[in-house]
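Visitor: I am new to this structure and would like a close look at a single part of it. Please start there and then connect it to the rest.

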Amino acid sequence: MLVVIRGAGDIASGIALRLYRAGIQVVMTDLPRPTAIRRTVCFSEAIVHGRCAVEGVEARLARDPGEARALLAGGAVPVLADPEGACVAALRPDGLVDAILAKRNLGTAITDAPIVVGVGPGFTAGVDCHAVVETMRGHYLGRVLYRGAAQPNTAVPGLIGGYAGERVLRAPADGVFEACRAIGDQVAAGDVAGRVGGEPMVCTIAGTLRGLLADGTPVHRGMKAGDVDPRCRPEYCRCASDKALAVGGGVLEALLHFRARA
């Protein structure tokens with residue numbers, strides 16, 4: 001079974017891990033200049049560095065669908081700089097997963113593949129996809145919906161270690177991001193994690209810097225640029241989150257559900 005995942009950020013990468021370990025071939029797509037925060041657990045880093053590994057699974061940059069197929073034969077996860085998903089027509093996958101997490105549908109259609117799964121808000125099962133997987137933390141996280149839509153976006157991050165919005169760091173201005181710390185660093189409230197045009201991006205809680213934009217990334221004011229984990233466990237920076245794996249489990253269920261009915 002071949003599945004294309006649109007998006008290669010932390011949630012999409014957790015999905016890819018679940019599918020890859022279940023024996024499903026995975027091809028991923030992302031922006032030519034990825035904006036993932038949790039870069040140490042994102043397959044999008046293969047676009048930046050040519051290759052990367054998450055939890056021992058290797059991803060490689062593919063220049064085109066043909067190279068992606070060759071990489072699949074070698075056991076790697078191919079990642080293409082293809083935000084429009086143009087490779088789908090050439091690869092003709094058995095399944096398509098939209099894990100861009102834009103909170104709206106950016107062009108995925110139920111006709112794009114025999115099985116189409118939408119991740120999070122913005123999709124309606126039976127309309128623009130065959131199934132939707134819930135991404136909101138709580139009782140329904142990872143649940144597969146075969147009719148209807150996921151819970152609407154609240155714009156409030158889920159609780160981790162008793163904190164929600166306080167743990168998210170946002171760009172203080174429009175411009176180019178300058179990192180002052182590194183993922184895995186321990187920070188305190190008041191520490192500066194980065195700057196934009198000289199304006200500081202200040203941590204409001206103590207913890208481990210679990211995510212941070214790459215130095216030199218263009219940003220706009222209010223854009224998510226970092227994430228502080230109050231649990232202070234640096235090892236969490238190197239593994240997929242509980243949320244990413246829960247969503248990945250839902251995607252795997254949906255794919256197998258429809259494949260069994262084919």
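Visitor: Which residues does Pro-234 touch, not counting residues up to four places away in sequence?

Guide: This is a predicted model. Leaving out residues up to four places away in sequence, Pro-234 touches Gly-184, Gln-186 and Thr-208. Pro-234 sits in the loop between E19 and H5. Its relative accessible area is 30%, and Pro-234 is therefore partly exposed, since that class lies between the limits of 20% and 50%. For a sense of distance, take Leu-31: Pro-234 and Leu-31 are 203 residues apart in sequence, and their C-alpha atoms are 27 Å apart in space.

The two elements that flank this loop lead to other parts of the model. Strand E19 (224-229) is one of the elements that give two or more residues to the lining of the largest pocket. The others are helix H1 (10-21), strand E2 (25-30) and strand E12 (168-170). H1 gives the most, with three residues. The volume of this pocket is about 1,500 Å³. Its lining has 49 residues, and those nearest the centre are Asp-10, Ile-100, Leu-101, Lys-103 and Lys-224. Sorted by class, the lining holds 23 nonpolar, 15 charged and eleven polar residues.

On the other side of the loop, helix H5 (residues 242-261) contains Phe-258. The structure holds one aromatic pair, and Phe-258 forms it with Tyr-146. The ring centres are 5.7 Å apart and the planes stand at 65 degrees. The pair counts as edge-to-face because the angle is over 60 degrees. Tyr-146 lies in the loop between strand E10 (144-145) and strand E11 (148-149), so the pair links distant parts of the chain, 112 residues apart. The partners also fall into two accessibility classes: Phe-258 is buried at 17% relative accessibility, whereas Tyr-146, with a relative accessible area of 24%, is partly exposed.

Strand E11 leads on to another proline. Pro-152 is found in the loop between E11 and E12. With a relative accessible area of 62%, Pro-152 is exposed, because the limit for that class is over 50%. Pro-152 touches Pro-121 and Met-136, again not counting residues up to four places away in sequence. Gly-74 is 78 residues from Pro-152 along the chain, and 40 Å separates their C-alpha atoms.

To return to the starting point, Pro-234 is partly exposed and lies in a loop between E19 and H5.

Definitions and conventions:
Residues numbered from 1 in each chain as written. Predicted model: local features only at pLDDT ≥ 70, side-chain atom pairs only at ≥ 80, totals over all residues. Heavy atoms only, no water. Phe/Tyr/Trp six-rings, centres within 6.5 Å; stacked < 30°, edge-to-face > 60°. Helix = DSSP H or I, 4+ residues; strand = E, 2+ residues; numbered from the N terminus. Buried < 20%, exposed > 50% of the residue type's maximum accessible area, 1.4 Å probe, protein only. 1 Å grid on protein atoms, 1.4 Å probe; cavity = no way out; pocket = protein on both sides within 12 Å on 5 of 7 lines; lining within 4 Å. Points joined across faces, edges and corners; volume = space filled by probe spheres on them. Nonpolar A, V, L, I, M, F, W, Y, C, P; charged D, E, K, R; others polar. Contact = heavy atoms within 4.5 Å.
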